[in-house]
Amino acid sequence: AYPELACTPGPFEVGTVWGVEEDVFCPTETTFRFLENVLTEVMALFPGRYIHIGGDEVPKTRWRQSRAAQSLMRREHLRNEEELQSWFVRRIERFLSAHGRRLVGWDEILEGGIAPEATVMSWRGTAGGIAAAQAGHDVVMSPGSHVYFDHLQGSAAEEPLSIGGYTPLDKVYAFEPVPAELTPAQARHILGAQANLWTEYIATPAHAEYMVYPRALALSEVLWSPAAARDWRGFTERLPAALRALDQQRVSYRTPDVAGLEHDQVLLADSATVELRALMPGTIHYTLDGSTPDRSAPVYLGPLTLPLAPQGTVVTARLETPDGRLGGSRAATWRRAVYLDATRTDTAGLRPGLSYAYAEGRADSAAAVATLPVLRNGTVPTVRLRGDERAERFAVTLTGWLQVPADGLYDLALSSDDGSVLWLDGQVAVNNDGYHGADAKVSTVALRPGLHALKVVMFQGSGAKVLGLSWRRAGEPSFSSIPASALFQGP
């Protein structure tokens, strides 16, 4: 729309689809005059202290190609384009500070060094917010994993058109805005949190309300209550009264899912009892064959006793309200655990770490990563990225061995942005595939002690660069990163 602000002569077309553009502001005096004029108008219109300047998703391709950008880098002794981005943000911050305002930017403004007084809004998970708070900067937590209200609340087949992702009501309530990694002094830099509702897929006010409520109720309680006072069961028992208030105001909220189906269950038992609960007045319909319940499906009258088998039983339920509305369906699988035997018992001939293969290009699934040519190989100590993955679209494959200390059920949490899949001994253990924001998928597996063959495939579309693997013995309260001492590579 403003070709005179670009680093290249074009040709250009005004964007008509969502996405990350290679063409960004060229760091010239013409650009800064334009931006300062815009910000002067903004400050005249809005008296608030904070001015959010964005700063996210800035590909560096054009700056690498630009004579003007490269000349500026030499003149200012900037080592790379990330430092140029920081220099750009610092210049805008000086302008805002001179007018008594404070700059807010997305967590990408940390790259290359943060501006002195900047406030960081952490959207690519919580890592950016943690780093900013530890460096003494104020932070607003806004991770895509928990508070992006443009994400789906149920099955894509049943929900209105959406960008994707999956953020149900209980996940919003589980959000903790103050990371445990921070000291009390650092935690004081967490100003609060913010939910985001991007509307490129939302055409009407009713659709916007449907995406916001009741998730905004859950987030409000999380942010306005001390951690010790938060209780999901208590929230859901108070929710019907809040929904009646929304009905009185004619708010087009989403009917909450039936409770009791939040997670798949893997048990070392022959049977299980399944209890369901409606979060507002109505009738629960359910099925046990994987199909979507309709009004003719059985009515839930009390706890269900299921025989457990390795292939599992899928319980699907949805609520029919007294006025005849059908809510979204939710499903969870109950299955009997089958132990995976260790592939080998000793580490002779193995080396610490995991083998790492890096590729660039577009992949829409973990399976498609195999079609990309490998550009380099290396080693990583744990399931993570190396930090030198520069391309906007890339993929990594990690292979090696996981040493399991004892018999038992293990919860495995695979985090990525975008898709990732974990295999153990050739079987899919965690499937976090597909395009989504920084998020973790948890699965439970039964493992015998010893060494299990491990493979992780991850592809990156845009946005955050996240990869991690944590575990816990089933029943333990918290996850921990799988330590380097439990990972090996070799034949």
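This briefing walks through a few features of the structure above, topic by topic. Keep in mind that you are looking at a predicted model. Among its features are one cavity of 30 Å³ or more, 25 salt bridges and a nonpolar patch on the surface. There are also a couple of cis peptide bonds to look up, one from Tyr 213 to Pro 214 and one from Asp 417 to Asp 418.

**The cavity**

- If you go hunting for holes inside the model, you'll find one cavity of 30 Å³ or more.
- The volume of the largest cavity comes to about 120 Å³.
- Its lining takes 16 residues, and the ones nearest the centre are Leu 169, Asp 170, Arg 254, Pro 256 and Asp 257.
- Sort that lining by class and you get eight nonpolar, six charged and two polar residues.

**Salt bridges**

- Here's the basic idea: side chains of opposite charge can pair when their charged atoms come close.
- In this model, the count of salt bridges comes to 25.
- Take Arg 62 and Asp 23 as one of them: their closest N and O atoms are 2.8 Å apart. Arg 62 sits in helix H2 (residues 61-65) while Asp 23 is in the segment before helix H1 (29-45), so this pair ties together parts that are 39 residues apart in sequence.
- The two partners don't get the same label for exposure: Arg 62 is buried because its relative accessible area is 19%, under the 20% cut-off. Asp 23, at 31%, counts as partly exposed.
- Another salt bridge pairs Arg 124 with Glu 108, at 3.9 Å from N to O. Arg 124 is in the loop between strand S3 (119-122) and helix H5 (127-134), and Glu 108 is in the loop between strand S2 (102-106) and S3, so parts 16 residues apart in sequence are tied together.
- Buried or exposed: which word fits Arg 124? Arg 124 counts as buried, with 18% relative accessibility. Glu 108 is buried too, at 5%.
- Arg 376 and Asp 388 also meet in a salt bridge, with 3.1 Å from N to O. Arg 376 belongs to strand S14 (residues 374-380) and Asp 388 to the loop between S14 and strand S15 (394-404), which puts the partners 12 residues apart.
- Both of these are partly exposed: Arg 376 has a relative accessible area of 27%, and Asp 388 has 28%.
- Some salt bridges share partners, and they join Glu 159, Asp 170, Arg 254, Asp 257 and Arg 330 into one network. You've met a few of these names already: Asp 170, Arg 254 and Asp 257 are among the residues nearest the centre of the largest cavity.

**The nonpolar patch**

- Which residues make the nonpolar surface patch of about 420 Å²? They are Trp 18, Leu 161, Ile 163 and Tyr 201.
- Look for Ile 163 in the loop between helix H6 (144-147) and helix H7 (169-173). With 31% relative accessibility, Ile 163 counts as partly exposed.

**Backbone oddities**

- Tyr 213 and Pro 214 are joined by a cis peptide bond with omega of about 10°. Pro 214 is in the loop between helix H9 (205-212) and helix H10 (215-224).
- A cis peptide bond also runs from Asp 417 to Asp 418, with omega near 10°. Asp 418 is in the loop between strand S16 (408-417) and strand S17 (420-424).
- His 77 isn't a glycine, yet its phi is positive, at about 60°. You'll find His 77 in the loop between helix H3 (67-76) and helix H4 (81-98), and it is exposed, with a relative accessible area of 69%.
- Asp 425 is another non-glycine residue with a positive phi, near 55°. Asp 425 lies in the loop between S17 and strand S18 (427-432) and is partly exposed at 22%.

**Distances to check yourself**

- Glu 237 and Ala 278 are 41 residues apart along the chain, and their C-alpha atoms are separated by 9.7 Å. Glu 237 is in helix H11 (residues 232-248) and is exposed, with a relative accessible area of 54%.
- Ile 53 and Val 338 are 285 residues apart along the chain, with 52 Å between their C-alpha atoms. Ile 53 sits in the loop between strand S1 (50-52) and H2, and it is partly exposed at 28%.

Definitions and conventions: Residues numbered from 1 in each chain as written. Predicted model: local features only at pLDDT ≥ 70, side-chain atom pairs only at ≥ 80, totals over all residues. Heavy atoms only, no water. 1 Å grid on protein atoms, 1.4 Å probe; cavity = no way out; pocket = protein on both sides within 12 Å on 5 of 7 lines; lining within 4 Å. Points joined across faces, edges and corners; volume = space filled by probe spheres on them. Nonpolar A, V, L, I, M, F, W, Y, C, P; charged D, E, K, R; others polar. Patch = residues over 30% accessible without salt bridge, like charges linked within 9 Å, V, L, I, M, F, W, Y side chains within 5 Å. Areas by Shrake-Rupley, 256 points an atom, 1.4 Å probe, with all protein chains shown as cover. Salt bridge = Lys/Arg side-chain N within 4 Å of Asp/Glu carboxyl O. Helix = DSSP H or I, 4+ residues; strand = E, 2+ residues; numbered from the N terminus. Buried < 20%, exposed > 50% of the residue type's maximum accessible area, 1.4 Å probe, protein only.
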